[in-house]
Amino acid sequence: MYRVDDGSMNGYPNGGGTNYESDRSGPRIRPRIGVVFGGGALKGMAHVGALKALREAGITPRLYAGSSIGAMIAAAAASGRSIDELTERALRFRRRDLFRINHVGMLMERMLSRSIYLESPLRALCDELVAEGTFEELETPLLVTAVDIERGIPLVFGRPGFRDVRVRDAVYASCALPGFFPPGVVGNRVCIDGGTTDNLPVSIASMGMDALIAVDVGIADVPLATGIAEQGFASIFMRAATMMMHEQQQATLERWTTPPLLLVRPKVSHIGWFSFSHVEELLQMGYDAMNAALAHLDTMLAAPGGIFPRTSVEIVVDRAKCTGCALCVARSPGLMALDAQRKAYALVREHEFSPADGSVANCCPTEAISVVSVSAEPAAMREVLEISA
């Protein structure tokens, strides 16, 4: 069970984890591991649980990177915040700590108002969790994504040429979801949410690293959600943003080669982006998901590249449901084709899938394609279906 650390689980061996700086046979070369936290609004509370599991395992990242809420947790970790501090703050987090309606702006400026919510609560949260100073002053390197809204280009603060700015300013800008919060000024640039173009910044974080551990809490899947059109502007906007970011992120992961990447996806798709009633559950899910993924860490570190963990699966097509639309072929031409009856079939039935795979099933509008475990064990089958979503 997730709990506040009482000091008995700090590292190896008492914490039961693996210390990747040394083992009982003597010192060994420590791989340069970067940790990436993705965006996901309040679902990002799961990052705190994931970070706790990493620290218990004795893993000391050489780099933190993040987007949106992931940038905030990454910056807090790079600032030296303890798990106890982050857990305690998460558990007492309330709606008023983040969302306060911009009444004056919306009344006086109407369509020219910069945002629905005020800037000050989000600013205060950044100031509370993130150390004062510039990126150059951090002991652990940090990368924070944002988008220069005037120039229309993505930015990564913490990279050369973009280090001499306040970390708090960059984190605020990375969290400034367009329309919800005003854009942030970082140096001389006006910026918005980093998740706009890169919700899981693994590509830039991989530079100079031997391996990456990435935690995706926001857009691993786009589950069925009925009644969105009747739930107002915020729900419609976030649904559309989720689909756009999912496609962008999936394209990056489908092209992934090196370095090896351990992709951690806590099962948080049932929780709303702005739900304040699931904090304890999110902490636990992040912790459990990271611990489960770390069981595959040695395999990942020994590999030259690719995404882990990997599972043997089979692609199955329900011919009665298949309409021959060929969307699966267009999406995954190396996996799927149409037969003489214009029904989809898998070119090779069995595959080794990572958590990033499975989009071939998700793109089918009639749900004719499924991805199942070759083990035929019910629990394993459910797991594969979940990680492939």
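Reader: What makes β10 and strand β11 (residues 307-308) count as paired?
Author: Two bridges join β10 to β11, and strands pair if DSSP finds at least two bridges between them, so this pair makes the cut. The two strands run parallel, and the bridge partner of L261 in β11 is I307. Keep in mind that this is a predicted model, where local features need pLDDT of at least 70 and side-chain atom pairs count only at 80 or more, while totals for chains, interfaces and linings use all residues. Residues are numbered from 1 along each chain as its sequence is written, and side-chain values use heavy atoms, with hydrogens and water left out.

Reader: How do you know which strand, β9 (residues 211-215), runs parallel to what, and how many bridges are there?
Author: Four bridges join β9 to β10, and the two run parallel. One of the links goes through I213, whose bridge partner in β10 is L262. As for the labels, helices (H or I, at least four residues) and strands (E, at least two) are DSSP runs, numbered from the N terminus. The whole protein comes to 13 helices and 16 strands.

Reader: Which way do the residues of β10 point, and are they buried or exposed?
Author: L261 and L263 point one way from β10 (residues 261-264), L262 and V264 the other way, and all are buried. Buried means under 20% relative accessible area, exposed over 50%, and partly exposed in between (1.4 Å probe, protein chains only). Across the protein's 389 residues, 53% count as buried.

Reader: Why is S206 called buried?
Author: The relative accessible area of S206 is 14%, and the limit is under 20%, so the label fits. S206 sits in the loop between α7 (202-205) and β9. Leaving aside neighbours within four places in sequence, S206 is in contact (heavy atoms within 4.5 Å) with L212, W256 and P259.

Reader: What kind of peptide bond leads from T258 to P259?
Author: That bond is cis, with omega near -5 degrees. P259 is found in the loop between α8 (233-254) and β10. Another cis peptide bond joins F308 and P309, with omega about 0 degrees, and P309 is in the loop between β11 and β12 (311-317).

Reader: Why is I228 called buried, and what does I228 touch?
Author: With a relative accessible area of 18%, I228 comes in under the 20% limit, so buried is the word. I228 is found in the loop between β9 and α8. Beyond neighbours within four places in sequence, I228 is in contact with S235, I236 and R239. The C-alpha atoms of I228 and R239 are separated by 7.8 Å, with the two residues eleven apart along the chain.

Reader: What is said about the phi of S68, and why is S68 called buried?
Author: S68 has a positive phi of about 60 degrees although it is not a glycine. The relative accessible area of S68 is 9%, so S68 is buried. You'll find S68 in the loop between β4 (63-66) and α2.

Reader: What puts the buried residues of α3 on the same side?
Author: In α3 (residues 83-91), the buried residues are I83, L86, T87, R89 and A90. They cover an arc of only 165 degrees around the axis, which puts them on the same side of α3. That arc is taken from the directions from the helix axis to the C-beta atoms. These buried residues pack against α1 (46-56), α2 (69-78), α5 (120-129) and α9 (279-294).

Reader: Why is helix α6 (residues 167-175) called mostly covered?
Author: Nine of the nine residues of α6 are buried, among them V167, R168 and D169.

Reader: What makes a set of residues a nonpolar core, and how many residues has the largest?
Author: A nonpolar core is a set of buried Ala, Val, Leu, Ile, Met, Phe, Trp, Tyr and Cys residues joined through side-chain atoms within 4.5 Å. The largest here has 82 residues, and L142 and I213 have the most contacts inside it. Not counting residues up to four places away in sequence, L142 touches residues including L63, Y64, F135 and F157.

Reader: How do you know how confident the predictor is?
Author: pLDDT is the predictor's confidence in each residue, from 0 to 100. The protein averages 85, and 85% of the residues score at least 70. Over residues 4-27, though, the pLDDT is below 50, and this stretch has 43 contacts in the model beyond near neighbours in sequence. Over residues 376-389 the pLDDT is also below 50, with 26 such contacts.
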